[in-house]
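I opened my notebook to record what I looked up in this structure. My entries follow the order in which I checked things.

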Amino acid sequence: MQGSDPDRSVGDILGAIAEDSATLVRKEGELARQELAEALHAWLGAVAAIAAAAVLALVALVFVGLALEALLARVMPEWAARSVIAGGALGIAVGVALVAKARVHEITLPERTKQTVKENVEWAKAQLKR
């Protein structure tokens, strides 16, 4: 912004405000894009980690389930042993889904942009009051 000059015309002042406002809007857009890119990168990293963990857990769960089913089939009917194992697998799946949901909710969106937009609105109001 140009220095304060009591001899500046209203047109000059409004032109300076318009120029400053255009620069401000452009910078806010750049900040928002940067913050969204950072949030997307974090989100994709979390999704990739969850997917990898889910695949490995599924493989392990299949083998553990087969072993437990064979063990339980010695003391109960085979259908009952399989039902117990299926119920346990379902419980684990629900737990993993809840953890994934919590991770997704931890990701924040452009907080800095929101704050600076508020500050910029206040600045613009103050400029118009001059």
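Entry 1: a residue of H2.
How does Gly88 count at 37% relative accessibility: buried, partly exposed or exposed? I looked it up, and Gly88 counts as partly exposed at that value. I noted the cut-offs: buried means under 20% relative accessible area, exposed over 50%, and partly exposed in between, with a 1.4 Å probe and protein chains only. Gly88 has its place in helix H2. I also checked a distance: Gly88 and Val121 are 33 residues apart along the chain, and their C-alpha atoms are separated by 55 Å.

Entry 2: ground rules.
I am working with a predicted model, where local features need pLDDT of at least 70, side-chain atom pairs count only at pLDDT 80 or more, and totals for chains, interfaces and linings use all residues. Residues are numbered from 1 along each chain as its sequence is written, and side-chain values use heavy atoms, with hydrogens and water left out.

Entry 3: more of H2.
I wrote down what a helix is here: a DSSP run of H or I with at least four residues, numbered from the N terminus. H2 covers residues 78-106. H2 has 29 residues and reaches 43 Å from its first C-alpha to its last. That is close to the 42 Å expected at 1.5 Å a residue. The expected span is 1.5 Å times one less than the number of residues.
Which residues of H2 are buried? I found Ala80, Ala81, Ile85 and Ala100. What covers them includes H1.
I then turned to Trp79, also in H2. Trp79 counts as exposed, at 64% relative accessibility. From Trp79 to Ala60 I read 21 Å, C-alpha to C-alpha, with their positions 19 residues apart in sequence.
Val94 lies in H2 too. Val94 counts as partly exposed, at 45% relative accessibility. Val94 and Glu122 are 28 residues apart in sequence and 47 Å apart in space, C-alpha to C-alpha.

Entry 4: H1.
H1 runs over residues 10-72. Its 63 residues should span 93 Å at 1.5 Å a residue. The end C-alpha atoms of H1 are 87 Å apart, which agrees.
I listed the buried residues of H1: Ala16, Ile17, Asp20, Glu28, Ala32, Glu35, Ala39, Ala46, Gly65 and Glu69. What covers them includes H2 and H3.
I looked at two of these more carefully. Ala39, in H1, counts as buried at 9% relative accessibility. The C-alpha atoms of Ala39 and Val25 are separated by 21 Å, and the two residues are 14 residues apart along the chain.
Glu35 is in H1 as well. Glu35 is buried, with a relative accessible area of 6%.
What does Glu35 touch, not counting residues up to four places away in sequence? I found Pro110, Glu111, Arg112 and Thr113. Contact means heavy atoms within 4.5 Å.

Entry 5: H3.
H3 covers residues 111-129. Its 19 residues should span 27 Å at 1.5 Å a residue, and the end C-alpha atoms are 28 Å apart, which agrees.
Thr113, Asn120 and Gln127 are buried in H3. Seen down the axis of H3, the buried residues fall within an arc of 45 degrees, so they line one face of the helix. The arc is that of the directions from the helix axis to the C-beta atoms.
The face turned away from the buried side of H3 carries the exposed residues Lys118 and Lys129. What covers the buried residues of H3 includes H1.

Entry 6: H1 against H3.
How do the axes of H1 and H3 cross? They come within 9 Å and cross at roughly 170 degrees. Axes are lines fitted to C-alpha atoms, for helices over the stretch in contact, and angles run from 0 to 180 degrees between N-to-C directions. H1 and H3 are therefore roughly antiparallel to each other. Roughly antiparallel means an angle over 145 degrees.
Among the contact residues I noted Ile17, Leu24 and Leu31 of H1 and Val117, Trp123 and Leu128 of H3. By class, this contact has seven nonpolar, four polar and six charged residues. For the classes, Ala, Val, Leu, Ile, Met, Phe, Trp, Tyr, Cys and Pro count as nonpolar, Asp, Glu, Lys and Arg as charged, and the others, Gly among them, as polar.

Terms used: Helices (H or I, at least four residues) and strands (E, at least two) are DSSP runs, numbered from the N terminus. Angles under 35 degrees count as roughly parallel, over 145 as roughly antiparallel, 65 to 115 as roughly perpendicular and the rest as oblique.
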